[in-house]
Amino acid sequence: MLDIEGDLNRPLQEIAEGNNPWNVFLEVLSPDSGATALPPFDRDCDVLLFFKMYDPKAKKIYYCGHHYMPVASKVCELVPILNERAGFPPDTELILFEEIKPNLVEQIENQNDALEKVLEELMDGDIIVFQKDEKEEDLYDLPTCKDYFRDLYHRMEITFCDKTIPNDLGFTMELSARMNYNQMAQAVALRVGTDACRLQFFKPHSYKNAPGNALRCSYEGTLKDLLPHSNPKAPKKIYYQMLSIPVNELENK
């Protein structure tokens with residue numbers, strides 16, 4: 001956080017610490033807040049926190065603003081603030097995580113501890129991710145924000161081309177590299193409007209833009225394992241064809 005008085009006469013390049021471009025967070029009063037000045041901030045005793053809310057049903061992260069908190073505050077003191085920001089009932093139980101870096105979050109286990117104790121290297125700009133404490137996690141594909149960020153890290157764009165159409169441009173889907181065969185087949189089936197069991201997939205050829213060997217429906221590897229590793233920058237393609245009979249019957253003929 002900038003010290004307006006202390007940094008007033010310093011060169012911008014020095015304040016920006018060499019960052020180019022230099023992103024500046026500007027806080028302004030909300031027109032309907034009724035306040036005449038921003039809340040006071042003690043650089044020695046307060047910390048600026050940003051909040052994100054994870055919705056496991058939608059599998060999305062939502063930005064929920066920021067707040068100044070004394071570093072000696074207990075983590076549980078954030079809960080009423082977060083419930084209000086998310087529009088939850090005041091007594092909603094929450095699970096809180098610290099976003100340590102992109103795609104890495106750790107759950108805050110003891111909400112009765114002080115912020116300065118539980119947050120790793122506490123500093124202005126730290127991010128708290130929160131979600132409802134759902135008792136039945138098996139209802140969702142990605143039940144916690146930790147699962148969400150892990151999935152986000154492994155996502156890749158895959159183009160699926162119809163093997164029966166010459167030079168088919170196909171369609172592109174964003175899928176997790178950790179998907180198994182059944183998960184991939186279900187996703188593609190939903191996209192093309194057929195049953196997953198009536199799709200047959202083909203590995204991409206390693207050295208040319210063409211389908212390779214057929215992929216058996218009993219394949220136990222991941223989506224990432226299907227793709228050639230010889231050229232990581234090449235477009236990621238998998239070929240398919242729609243069948244009139246279940247793929248397992250075709251394979252057993």
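Colleague: What makes lysine 59 stand out in the hairpin of strand 1 and strand 2?

Modeller: Its backbone angle: lysine 59 takes a positive phi near 55°. The hairpin has 4 residues between the strands. Keep in mind that this is a predicted model.

Colleague: How do you know that strand 1 and strand 2 are paired?

Modeller: Two strands pair if there are at least two bridges between them. Strand 1 (residues 46–55) and strand 2 are joined by 9 bridges, so they count as a pair, and they run antiparallel. Two of the positions to look at: leucine 49 has histidine 67 as its bridge partner in strand 2, and phenylalanine 50 stands opposite histidine 66.

Colleague: And the sheet they belong to, what is its strand order?

Modeller: The order is 2-1-5-3-4, with 5 strands in an open sheet and mixed pairing.

Colleague: Why are strand 2 and strand 4 called edge strands?

Modeller: Strand 2 (60–70) and strand 4 (104–107) each have a single partner strand, so one side of each is left without a neighbour in the sheet. As for the twist, it averages 30° from one strand to the next.

Colleague: Which strands does helix 3 lie across?

Modeller: Helix 3 (residues 79–86) lies across strand 1, strand 2, strand 3 (94–101) and strand 5 (126–132), at about 140° to strand 2. Val79, Ile81, Leu82 and Asn83 of helix 3 are buried, and what covers the buried residues includes strand 1, strand 2, strand 3 and strand 5. After helix 3 comes glycine 87, with a positive phi near 80°. Helix 5 (residues 145–154) lies across strand 1, strand 2, strand 3, strand 4 and strand 5, running at about 165° to strand 4.

Colleague: How do you know that cysteine 45 isn't in a disulfide?

Modeller: The cut-off is 2.5 Å between the sulfurs. The closest cysteine sulfur to that of cysteine 45 is in cysteine 76, 19 Å away, which is too far for a bond. Cysteine 64 is in no disulfide either: its nearest cysteine sulfur, that of cysteine 145, is 12 Å away. The structure holds 0 disulfides.

Colleague: What makes cysteine 64 buried and cysteine 45 only partly exposed?

Modeller: Buried means under 20% relative accessible area, and exposed means over 50%. Cysteine 64 comes in at 11%, so it counts as buried. Cysteine 45 has 40%, so it falls in between and is called partly exposed.

Colleague: Asparagine 112 and aspartate 113 are both in the loop between strand 4 and helix 4 (115–118). Is each one buried or exposed, and how do you know?

Modeller: Asparagine 112 has a relative accessible area of 52%, over the 50% mark, so it is exposed. Aspartate 113 has 18%, under 20%, so it is buried.

Colleague: What does each of them touch, leaving aside residues up to four places away in sequence?

Modeller: Asparagine 112 touches Lys74 and Cys76. Its C-alpha atom is separated by 6.0 Å from that of valine 75, though the two are 37 residues apart along the chain. Aspartate 113 is in contact with Ser73, Lys74, Val75 and Val118.

Colleague: Now the cores. What makes a group of residues a nonpolar core?

Modeller: The members are buried nonpolar residues joined through side-chain atoms within 4.5 Å. The largest core has 25 residues, and Phe160, Met184, Val188, Phe201, Leu223 and Ile238 touch the most other members. Strand 6 (155–162), strand 7 (171–176), helix 6 (181–192), strand 8 (199–204), helix 7 (223–226) and strand 10 (237–242) each supply at least two residues. Helix 6 gives the most, with 6 residues.

Colleague: Which residues does leucine 223 contact, beyond its neighbours within four places in sequence?

Modeller: Leucine 223 is in contact with Ile158, Leu175, Ser176, Ala177, Met179, Met184 and Ile238. There's also a second, separate core of 20 residues, with Val47, Leu119, Ile128 and Phe130 among them.

Colleague: What are the domains, and how far apart do their centres lie?

Modeller: The domain assignment gives domain 1 (41–143) and domain 2 (154–252). Their C-alpha centres lie 39 Å apart.

How values were computed. Residues numbered from 1 in each chain as written. Predicted model: local features only at pLDDT ≥ 70, side-chain atom pairs only at ≥ 80, totals over all residues. Heavy atoms only, no water. Domains from an automatic or database assignment. Axes fitted to C-alpha atoms, helices over the stretch in contact; angles between N-to-C directions. Contact = heavy atoms within 4.5 Å. Buried < 20%, exposed > 50% of the residue type's maximum accessible area, 1.4 Å probe, protein only.
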